[in-house]
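Got the model open in your viewer? Let's walk through it one selection at a time.

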Amino acid sequence: MFPLVFEINTRVWLQNLSLKHHKNITLSSVPDEEFLLFSECGFDYIWLMGVWVPSKYSRAIATGHPGLRTTFLQHLGSVDPDDIASSPYSIPSYTVNPALGGETELQAFRERLKSIGIRLMLDFVPNHLALDNEWLPDHPEYFIPVSCDEQCHDPESCFEYAEGKYLAYGKDPYFPPWTDTLQLNYANPETHGMMTDNLLKISRQCDAVRCDVAMLVLKNIFNTTWSNLGGPMTEEFWSKAIKSVKTIYPDFLFLAESYWNKEWDLQQLGFDYTYDKPFYDYITHVPANIEKLMGHMQAQWQYQKHLCRFLENHDEPRAAARMGLNNNAAALVMLTSPGMHLVHQHQMEGYKKKIPVQLIHQAAEKENPELAALYRKLFALQKHIVFQEGHIEWLHLNASSFSHCFGYHRFTENDHAFVVANFSVTGIDIAFSHPILLNLGYNDISLLSTIESDKKTGIHLAADTMHILLAPHEGVVITCKKHDLVNLTHADR
């Protein structure tokens, strides 16, 4: 029910493999050991980020951009021009990059995934296209026009695509424009049709799409941002576009990158899962915002079960760097909470350097084998029925949220799990009560700790109450298997 997704920076990954194996690796020649890793971890989807043909304009802009150069140097120390590529989100055409192997090799890669029960996810960028996209100059009407008068007032907001003719750069209204992209005009019904055609083209090549900044093309957001230039958007894009794909491919999955508390709106328009940015913000905050996290995770089930939870992705800082000592406990909480779970490339190994998306060369880092081993255990745990189908209720602990400790109960009719976490610098004796604990013995439970290999010496059961000695920055999961509960009370039903 709740899929596990692994995001791969495709260009960087293939280059790393090529260096490792001393030959050019493309999508059809990825070594078997990589697929074995995917299978052993239990990933349900592999998200190949950045497979589309690159933009020449975007690469040129990235190469000369002073702000981007600073981020490149922070990652690599020194930068060769060959290390820089276009942004994978400045797309001139939804055509597979020939340097990665093209469409034929992508399909071969997909078939290899399918043979081990894994599905393929690709990117769809609905808000904008590259400056050198295939629809210009024949179809400027697909984009937001900017008059000469407007251009004079804000020359940094637009691109002169023909002499004296301007189109707006793609934009999030709260940030500077993406100057390697053009903003699509959803006030024009023909733009809806063109982008739906692109979505249908992508859907023939994969099993799921991650939709970049999906909330930007919601009707109310688009109109607030662009209606003065492009006219009013009169109907939503997502509902019809998603229906067009699912009519042909009913099991096709849609994941929305979503911010500004627009998750529910996007879910109602047909998205299977939406980014859970509040969860990310609360759990990665230093110190962790336990009170807000508790409130958020008690939201309506129909909302929670369609959220995608993560600790990092290509847009965010590395979890190991951002959360430090709380990283292991946060991983346990993320992978035992309801919803889709997204894991980023090298998150398991504890990498700390974020890679700018325009780089295709990655700095070497020391791996954390203990963290990698913990992730393997958590991936196996995530597949248990109680975490795949179980509802959630908050536990009442003998400590306030100011202790930076919290806990919750995941449950089906017969399967139960108790998750407790300590995000503080001090240890604590945590206690909670629940009817399912009554008459439960030490041999009836399984326990996983982010710190100790044998945690049972740190727990005490008395009637329906459990005491757990939590070390600083420790997370613990206590599970009760179905056959252990046959003779227990049914007070929780």
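Start by colouring the protein chain by domain: domain 1 is 4-128 + 186-389, and domain 2 is 391-481, with bounds that come from an automatic or database domain assignment. Before you zoom in, note that this is a predicted model, where local features need pLDDT of at least 70, side-chain atom pairs count only at pLDDT 80 or more, and totals for chains, interfaces and linings use all residues. Residues are numbered from 1 along each chain as its sequence is written, and side-chain values use heavy atoms, leaving out hydrogens and water.

Next, put a marker at the C-alpha centre of each domain: the centres of domain 1 and domain 2 sit 32 Å apart. Now select the contact residues (heavy atoms within 4.5 Å); you'll pick up 29 from domain 1 and 27 from domain 2.

Switch on the surface. Domain 1 and domain 2 bury about 2,500 Å² between them, 75% of it on carbon and sulfur atoms; that is accessible area (1.4 Å probe) lost on putting the two parts together, summed over both. On the domain 1 side, show Ile290, Leu332 and Val386 as sticks: they lose the most area to domain 2, together 23% of what that side buries.

Looking for polar links? Across this interface there are 6 residue pairs in polar contact, both residues at pLDDT 80 or more (N or O atoms within 3.5 Å, one able to donate a hydrogen and the other to accept it; residues adjacent in sequence count only if both atoms are side-chain atoms).

Finally, select helix 12 (290-296), helix 13 (301-304), helix 15 (327-336), helix 16 (369-382) and helix 17 (385-389), the elements that each give two or more residues to domain 1's side. Helices here are DSSP runs of H or I, at least four residues, numbered along with strands (E, at least two) from the N terminus. Helix 15 brings the largest share, 6 residues.
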